[in-house]
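Trainee: Could you walk me through this structure, one question at a time?
Mentor: Gladly; let's look at it together.
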Amino acid sequence: MPVDPLLEQLLQGFVDESQEICERVTRDLLELEKGAKPKAAAGRAFENLLRGLHTLKGSAATLGLDELADVAHLLEDVVAPLRASDRLPTPIADALLRSLDAWMSRLRATALDQPLPDLAPTSELLRATRTLASTPAQAWPDRAPVTTAAPEASKASPPSPVAAAAPASATRAGDIHITEDPGDATWRVSTRQVTALRHDVERLREVRLRLEERQRELEKGLVQLARIGHELRATSGSGGRPQLPPQTAETRSVLGSVNRGLSSDIEEASDIVASLEDGLKAISTQPMRTVLEPLRRAVRDLARQSGKLVGLSVVGGEVSHDRRVLEALRSPLVHLVRNAVDHGIETPEVREGLGKHAEGALVVRVEQQGNMLFIEVADDGNGIDLDKVRGAALQRGLYGAEELATLTAPQLQQLIFSPGFTTRAEVSEVSGRGVGLDIVRNEIQALSGQVEVQSAAGQGTRFILSLPVELGSSPVLVVRCGEHQLGIPTMAVESSRSARGNDVNRGKPQLRYAWREELIPLHDLGALLGLRQAELPRDDQPLFIISAQGRRLALAVDEVLGERELVIRPLPPEVRDLPAYQGAATLARGELVLIVRSDWLASNELQARIAAKVPAPRALVVDDSLTARAMHRTSLESGGLIVHTARSGHKALEQLRHASYDVLVADVRMDDLDGYALTREVRARPETAQLPILLVSTQEGEAERRRSLEAGADAFLSKRDCAAGRLLSEVRALIAARLQRTRSSTRHPG
Amino acid sequence: MIDPAEKPAADDELRQLLDRRADRVRARPQAEGDESLLWYAEFPLGDQRYALPLAQLRAAVPLRAVTPVPLSAPHVIGILRFQGQIISALSLSALLGGGGWHEDPAVLLVVDGGLGRLVALDCEQIPKPLGIPAHLIEAAMADGLRTLTPLQLPGLPRLELIDLQLLLASPPHEAPHAG
């Protein structure tokens, strides 16, 4: 049979998956044949057996392997009547095992594009066995063989159990396949090894960062040596070249050479780290579409088979996730999609009669929010018929009539996940055996996830799978707001543009942006995160149109640093509950970037917070110490001030250019521009000349205070005083004094 | 050979010798207890000296490459990568109630806060190892577990022993900040 090119790459995966299922099924068959299990345990083994066969059938049908799907259906037919038994007769077990061998042989031949073994004898064998299985247990022969021709495929197969026939490439739980050459050799590597490798790459990246740090120190030493040379030249008066003692000059030359070598090594280390990361990502993640795309074929075939028109839309297929998670999702998604077509969506005639479009809509939407992956399978069919659910539950003895009458609609909807539950009176090729949704639930629970169902009569059904994810990469737009780099999921970005004054509406209570004949809220991302004061976007400032939770908003940032494919990792427990972030990702140079949650930007909570914002005095805290910034902020915010921070004097000056503050709190000791120089710069600018300035320092004493006041500061505090609670009172006093001065000058102008 | 006439005296001497030995043996457990040391990492923060069990200290790294987390709690300085993990950097001063500091913290202590949960705490200097006699620790903690247990060692300033599990289990409840 010619293999569809689209499905070719999926076939090998299906061989491995089927092999695994056949191994499980074989184990159950042999246990049941022994008949040593109590009745309840035997019942569970039969259920497992049926689930395995049902999955084989569904997956084969999804890939268009109809003959294999038919045989799997016959296998189910044989096992289904035996559910209530406590053992499996040997002739039936024989027939099932031989049929499974034939099934796998056919599948492997299909995958390898080899001549296909004929499945007709297998089907004949199974039909004969089905008759036997349907007879009362007393009539079963003990060891007599089922009289039919042995299937050729079975003859061709080794007589060993399926488990023994596992090919070398069979996947074990927790393994990752690394394909060396498509269709050629593969390696099997445990996920533990890949995880360990990932940690080593992280460490290598840290080593590279440390090397960069060492190089910076080395460069400082070289600069120092150069300065000494210049000083010596100046004092000796010899024109021309710097005069370093010969040994020192030689040392400088050696250090210069080491520095150049180090630069080159760092560059190479960066390339190696980047390459390793790319390789690891390729090994451990896959785009969701590899699981979602094959559903199109399944929906098409199933719709044709049932005389329905169904359009499948897939949203979010580009998001990449851990291969293991994707593999585990394959089967539940097949079940849900088949379920939607078979049970949910009506025939074109019925739909038109109901005023719906003849073609039913089936949507599979994937979205990652924080550390959770959400997959929604929604149809616009007839919804779950609660009367039928009640009837089936009553028939299966799950609840009594009185109990059923007290169950709410959501409780009734949950019953569809019960083992063996079906509302179908007849068994079709697709469903009706009651095997399916319980598998979905079990498989999602095995991934520590959950399944929810929402249904409205006549309007449709929505299944929502939610599961935690540890590893995944997504396209992220990296932007800068002040001194902070932040990531925004590209999926949420509808458009990007430059701000133009004409498009900004300065209405109350907030700015709005004219976008496609609509006025949408306009926010500054830095202001939303409390980093700075909101301001009118300047001309040409980058803006993004974000779409989330059915809302659109425009978001202003300072700079767009580019789009990156980033692995978003969970935040540590201390900050994991913050609704603003999905997680964090590591950029190429090793720095972490926070990924902002798009639904938070559009959330009611945030909009309400913006609307409720009351004016308060604003303070700008400048300190190169993260701890000091955090402590000063805490202290001032406890007094009701709005606090923004800057990590250097230069950043503070930039911030003062764009926003106004009521007080400036600056550290004295900072690199580049210290507190004294900053104070002098601020005083020199007309617009900030009157700004109250409080200088703080870890140094104490009168000399430090005097120097601060001489530089133009209004007050001075030691950091010990700040932590002792004096910062807030001092800042309040400065703001009050300024207010007093302003009032006086208003009363007595000139 | 002892002269029989001298035997009582010899017996007395022997008895006294044995008594002295017995006294020494009886005293040994106390002496051994004195020598049993528990190792702590000791460091200054403001005017106070603190110590945490050395076994819980994984690394002391420079306070660099920390990404601030806007809107987080005030005691959260930010996040950083440590050996492949993303961990939080917390202000020890804020966790301890803001007692002030002499130097801007330049060091992060990566500690195991229990069950393998790593966090980084800022401090002013790289800690020094300090062996403290076990019986002194036991005596100091006799009143039960506390976040800080004061301990006075002979000839040294008072030390506050930090119980990391308790410290991290009850961070201060303050308004979030913007990094």
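Trainee: How many residues does the contact take from chain A and from chain B?
Mentor: Two residues are in contact if their C-beta atoms, placed from the backbone, lie within 7 Å. This is a predicted model, where local features need pLDDT of at least 70 and side-chain atom pairs count only at pLDDT 80 or more, while totals for chains, interfaces and linings use all residues. Residues are numbered from 1 along each chain as its sequence is written, with chains lettered from A and ligands numbered from 1 in the order in which they are written. The contact takes 37 residues from chain A and 42 residues from chain B.

Trainee: Which element gives the most to the side of chain A that touches chain B?
Mentor: Helices (H or I, at least four residues) and strands (E, at least two) are DSSP runs, numbered from the N terminus. At least two residues each come from α7, β19, β20, α19 and α23 of chain A. With 8 residues, the one that gives the most is α19(A).

Trainee: By class, what does the side of chain A that touches chain B have?
Mentor: Here Ala, Val, Leu, Ile, Met, Phe, Trp, Tyr, Cys and Pro count as nonpolar, Asp, Glu, Lys and Arg as charged, and the others, Gly among them, as polar. On that basis, this side of chain A has 18 nonpolar, 8 polar and 11 charged residues.

Trainee: Which strands stand at the edges of the open sheet with the order β22-β21-β23-β24-β25 in chain A?
Mentor: Two strands pair if DSSP finds at least two bridges between them. This sheet of 5 strands has parallel pairing. Each edge strand has a single partner, so one side of each is left without a neighbour in the sheet: these are β22 and β25 of chain A.

Trainee: At about what angle does helix α20 of chain A run to β21(A)?
Mentor: Axes are lines fitted to C-alpha atoms, for helices over the stretch in contact, and angles run from 0 to 180 degrees between N-to-C directions. Helix α20 (residues 649–658) lies across β21, β22 and β23 of chain A. Its angle to β21(A) is about 155°.

Trainee: Which residue of β23(A) stands opposite Leu620(A)?
Mentor: Strands β21 (residues 618–622) and β23 (residues 663–667) of chain A run parallel and are joined by 4 bridges. Opposite Leu620(A) in β23(A) stands Leu664(A).

Trainee: In β8(B), what is the bridge partner of Trp39(B)?
Mentor: Strand β1 (residues 37–45) of chain B pairs with β8(B) in the antiparallel sense, over 6 bridges. In β8(B), the bridge partner of Trp39(B) is Gly131(B).
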